[in-house]
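Welcome! Here are some exercises to work through at your own pace, each followed by a worked solution. Take a look at the structure first.

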Amino acid sequence: MSIKKKLSEKKEEKHLADGMIRLSRSVKATSELRKTVKYLTKEVEDLTRDLSLSIGTSGLKPIKVPRKKRKTKNHLTPVVLWSDHHIEEVVPPEQTNFLNSYGPEESESRFNRLVEETERMIKRDSSLGNVSEAVIWLGGDFISGHIHDDLIEATAMAPLEAGHLVYQRLMGGLEYLSSALPLDRFYIPTSYGNHGRITSGKPRIATAASHNIEQAIYRSMARDLKDDDRFVFDCQPTRLKILDLHGFKIRFSHGDDIRYQGGTGGFHAPLVNQVRRWNQETQVDLDCLGHYHTFVDLRFALMNGSLIGHSEYSRKFGFEVPQQVYFVVDHSKNLRSGTYPIWVD
């Protein structure tokens with residue numbers, strides 16, 4: 001091979017080697033360039049996001065709720081509605097499609113639960129405000145009595161026997177609360193129900209209290225607790241009982257004055273009309289009633305539930321679990337604050 005040819009081959013090999021070196025450098029540069037572009041793209045995205053947030057929150061400050069000095073606790077008065085216990089009435093489970101059953105044993109356990117829950121709720125509100133007194137309304141129909149023929153068959157004992165049992169339970173409940181709660185006063189307004197009457201036929205009007213077992217129970221309770229000045233009873237023989245709680249007026253009545261016949265508007269229309277008529281005599285802030293075994297919470301009135309719960313009587317008003325009503329009067333605003341059902345089953 002001639003020297004010229006060898007030199008040509010060497011030159012070609014060198015040129016090829018130089019090309020491979022340049023290609024390698026180009027690939028490396030391209031990879032680095034891609035990494036650089038990726039990094040710069042991320043930087044631009046971060047700066048764009050930061051700029052958007054800066055523009056959107058320009059001039060705004062973080063939310064900061066200032067800590068206020070604790071003020072004196074508000075003066076609160078708890079009010080609990082006890083009514084419509086029907087302690088001796090028997091409700092077989094098959095009568096309500098096994099949604100409820102009732103009798104003297106169930107009435108005792110539900111009453112005990114009512115007393116315990118009353119204590120718990122008053123203690124809870126005592127931690128939130130200044131509570132030195134409570135109101136316990138005894139609203140009637142604690143017995144079913146024998147005012148209808150079918151009740152003779154549907155009750156577990158005679159009316160006077162049931163009355164004695166009501167006396168023992170209510171006295172026990174009040175004495176328990178007075179020992180468990182460090183309150184100065186328990187105000188006990190009372191209302192006799194329509195089931196406690198001992199007369200037949202239509203209910204009496206002017207002399208209804210004089211013919212009612214529950215009215216006798218209330219008077220006996222007031223007599224037996226007269227030496228304990230924490231209990232203040234109002235057993236006046238009137239259908240409308242008004243309690244003035246430091247300017248907040250509550251009117252209590254059993255509720256059988258409301259003539260509800262299952263109309264489309266429910267309780268509202270007859271209740272509004274009746275309250276309007278009552279207010280012509282005395283304007284109050286709130287009416288509290290029972291009788292219909294239905295918890296109804298309106299701005300101007302409260303209807304209490306019952307301890308007996310669902311039965312043939314209550315079915316026409318709709319299903320409801322056994323319950324009573326608890327609420328609080330806040331005297332700083334002179335308004336009702338917080339209304340709760342007390343479930344007892």
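Two strands count as paired if DSSP finds at least two bridges between them. Keep in mind that the model is a predicted one.

**Exercise 1. The open sheet**

Find the order of the strands in the open sheet, and work out which strands stand at its edges.

Solution.
- Step 1: Read off the order. Five strands make up this open sheet, arranged S6-S7-S8-S10-S9, and their pairing is mixed.
- Step 2: Look at the edges. Strand S6 (241-245) and strand S9 (296-297) each have a single partner strand, so one side of each is left without a neighbour in the sheet.
- Step 3: Take one pair inside that order. Strand S7 (residues 248-252) runs parallel to S8, and three bridges join them. Across this pair, Ile-250 stands opposite Leu-286 in S8.
- Step 4: Add the helix. H6 packs on the sheet, where it touches S7, S8 and strand S10 (301-303). The direction of H6 makes about 120° with that of S8.

**Exercise 2. Two packed helices**

Describe how helix H4 (residues 159-180) and helix H5 (residues 213-224) pack.

Solution.
- Step 1: Choose what to report. Two packed helices are described by the angle between their axes and the distance between the axes.
- Step 2: Give both values. H4 and H5 pack at an angle of about 35°, and their axes are 10 Å apart.
- Step 3: Give the handedness. The crossing in which H4 passes H5 is right-handed.
- Step 4: Name the contact. H4 contributes residues including Pro-159, Leu-160, Tyr-167 and Leu-174, while Ile-213, Ile-217 and Met-221 are among those from H5.
- Step 5: Sort the contact residues. They divide into ten nonpolar, two polar and one charged.

**Exercise 3. Two pockets**

What volumes do the largest pocket and the second largest pocket have, and what lines them?

Solution.
- Step 1: Start with the largest pocket, whose volume is about 870 Å³. It is lined by 36 residues, and the closest to its centre are His-148, Asn-194, His-195, His-291 and Tyr-313.
- Step 2: Sort that lining, which divides into 13 nonpolar, eleven polar and twelve charged residues.
- Step 3: Turn to the second largest pocket, with a volume of about 190 Å³. Among its lining residues are Phe-248, Asn-279, Leu-286 and Arg-336.
- Step 4: Place that lining on the fold. Helix H6 (268-281), strand S8 (286-289) and strand S12 (335-343) each give two or more residues to it.
- Step 5: Sort the lining of the second largest pocket: six nonpolar, two polar and four charged.

Note on methods. Residues are numbered from 1 along each chain as its sequence is written. This is a predicted model: local features need pLDDT of at least 70, side-chain atom pairs count only at pLDDT 80 or more; totals for chains, interfaces and linings use all residues. Side-chain values use heavy atoms; hydrogens and water are left out. On a 1 Å grid over the protein atoms alone, a cavity is a set of points where a 1.4 Å probe fits but cannot get out, and a pocket is an open set with protein on both sides within 12 Å along at least five of seven lines; lining residues have an atom within 4 Å of a point. Grid points are joined across faces, edges and corners, and a volume is the space filled by probe spheres set on the points. Ala, Val, Leu, Ile, Met, Phe, Trp, Tyr, Cys and Pro count as nonpolar, Asp, Glu, Lys and Arg as charged, and the others, Gly among them, as polar. Helices (H or I, at least four residues) and strands (E, at least two) are DSSP runs, numbered from the N terminus. Axes are lines fitted to C-alpha atoms, for helices over the stretch in contact, and angles run from 0 to 180 degrees between N-to-C directions. A crossing is left-handed if the near helix is turned anticlockwise from the far one by less than a right angle, and right-handed if clockwise. Contact means heavy atoms within 4.5 Å.
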